[in-house]
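Trainee: Could you take one part of this model and walk me through it closely? I'd like to know what it touches and how it fits in with the rest.

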Amino acid sequence: MNVKKKFFKVLSSTVIAAALLGPNVSFAERGPNPTGGTNLSTEAFLNYDELVKKLNQLEQVSKGKVKVEVAGQTNQGRSIHKVTVGHGDKVVLIQSEIHGNEKTGTVALLNILENLGQSNSPEVKKMLDELTIVAIPMMNVDGSELDRRGNEMTWSEVVGKFPQLSNVKPAWNYYTTPRSGDDYASKPGFDVNRDFNPNLNYVPKPQDFPGASEKPGWFITPESQTVRDIYKGLKSKFGKVDVFIDLHHQGFPYIEGTDDRVTMSISGKFVANPSTPAGAKYAEYADNFKYDFSRQLTLTAYNALQAKGNSVFTNISLYDQSIDLPGTALGTFALNGSGTVLFEVSGQTQNFGQKEKGQLVKTVETGLMGIINGVTDGSVHNLNPSDYENIPESSSTPGI
Ligand SMILES: [Zn+2]
């Protein structure tokens, strides 16, 4: 067990602001903490040892249907796992915990892998015939073990690997001071979700530092390098990665115009469209960019949750549509031609602990299965991309 998880974390508005996909997004304040900040244990979520044990079990029980590989090592030497199920032509890549304090996605992924690995139903058989599903659960394992957003890596370790950076200012996303109750002073680290670059062969250049949130990253962390290499490997084997889904947590928004708390926000937009003036800087990626497909995929998740009817599962909103973040995994892979979808369940573990875990995990699972079903039978392509614009927006205040 992670000892730190037994202790309480101090709740503050900084916690809420830090919880978002981007520290600079426009609606950083999400309203008050609905839980009152009592016992914020996260023991009900998996730690690294439990993940490894569970993955080995899944592989054994599935009799080879679920294949578990070590794809790389974190900076602290823990394994990053690549889990594959299915043998179809359509590739669906799903990642959890690039922010190590955003834990529901890992549980949801394991539940889905368990079901796909063990079910003999005709529906699952068809999914495995049509799709190759690749999961990267708990991508930022070192951050997960510390129950925090960033990884654990010093700037001098980066310079050791990239000597050309010895005279530049450290990357802007290098955390060295206390943040959201986490000790980055004695254990510095990076927000890995700004370390991606749409040029998958990018090599760090001194003139690109310290960079900024709205600029591409550099693949200076072993965690982003591992995911980049998985992506490139799939691209060379299958010619494309059809779908990429990244699983996160956010603050506590409301469904716009209502008093209803958002259960999960979703999005298919992470960078400016290369075919628009705002996206002209991405012109070289325009031919591959699949914004309509990303919107259709997002709609399949939305529709699957709406089908639950009359429950918190229908409280789904669009995440901030104004972000332009090429250094995120989603932004980078969108520019490389994948249909891309973001899930952001409400409530960071610092705020919610493990409260509502069951409900939030079920929300993620339902959305993911909506996408998996829609890609399996091709029905995703029948959806009208512009219906995406009808998904309600998020609001930081109720009833407006
Ligand atoms: Zn996140």
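Mentor: First, a bit of vocabulary: two residues are in contact if their C-beta atoms, placed from the backbone, lie within 7 Å. On that basis Glu-256 touches Ser-317, Pro-392, Glu-393, Ser-394 and Ser-395, leaving aside residues up to four places away in sequence. Keep in mind that this is a predicted model, where local features need pLDDT of at least 70, side-chain atom pairs count only at pLDDT 80 or more, and totals for chains, interfaces and linings use all residues. Numbering starts from 1 along each chain as its sequence is written.

Glu-256 sits in the loop between β8 (254-255) and β9 (264-267); helices (H or I, at least four residues) and strands (E, at least two) are DSSP runs, numbered from the N terminus. Its C-alpha atom is 7.1 Å from that of Gly-399, although 143 residues of chain lie between the two positions. With 18 other C-beta atoms within 10 Å, Glu-256 is partly exposed (20 or more would be buried, 12 or fewer exposed).

Now for the wider setting. The chain has 11 helices and 12 strands, and 52% of its 400 residues are buried. Of the contacts with a separation of 6 or more, 80% join residues 24 or more positions apart.

Helix α11 (residues 357-376) is a good place to see such packing. Helix α3 (residues 104-118) packs on α11 at about 55 degrees, with the axes 9 Å apart, which makes the pair oblique (not under 35, over 145 or from 65 to 115 degrees). Thr-104, Gly-105, Val-107, Ala-108, Asn-111 and Ile-112 are the α3 side of that contact, and α11 brings residues including Lys-357, Leu-360, Val-364 and Leu-368.

Helix α8 (residues 291-306) meets α11 at about 125 degrees, with 7 Å between the axes, so these two are oblique as well. Here α8 offers Leu-297, Thr-300, Ala-301, Asn-303, Ala-304 and Leu-305, while the α11 residues include Thr-363, Gly-367 and Ile-371. Met-369 of α11 turns up in both contacts.

Ile-371 deserves another look. Besides Leu-297, Thr-300 and Ala-301, Ile-371 touches Val-243, Ile-245 and Val-341, again not counting residues up to four places away in sequence. Ile-371 is also among the residues with the most contacts inside the largest nonpolar core, which has 97 residues; Val-92, Leu-93, Leu-113, Ile-245, Ile-266 and Phe-343 are the others. (Such a core is a set of buried Ala, Val, Leu, Ile, Met, Phe, Trp, Tyr and Cys residues joined through C-beta atoms within 7 Å.)

Note on methods. Axes fitted to C-alpha atoms, helices over the stretch in contact; angles between N-to-C directions.
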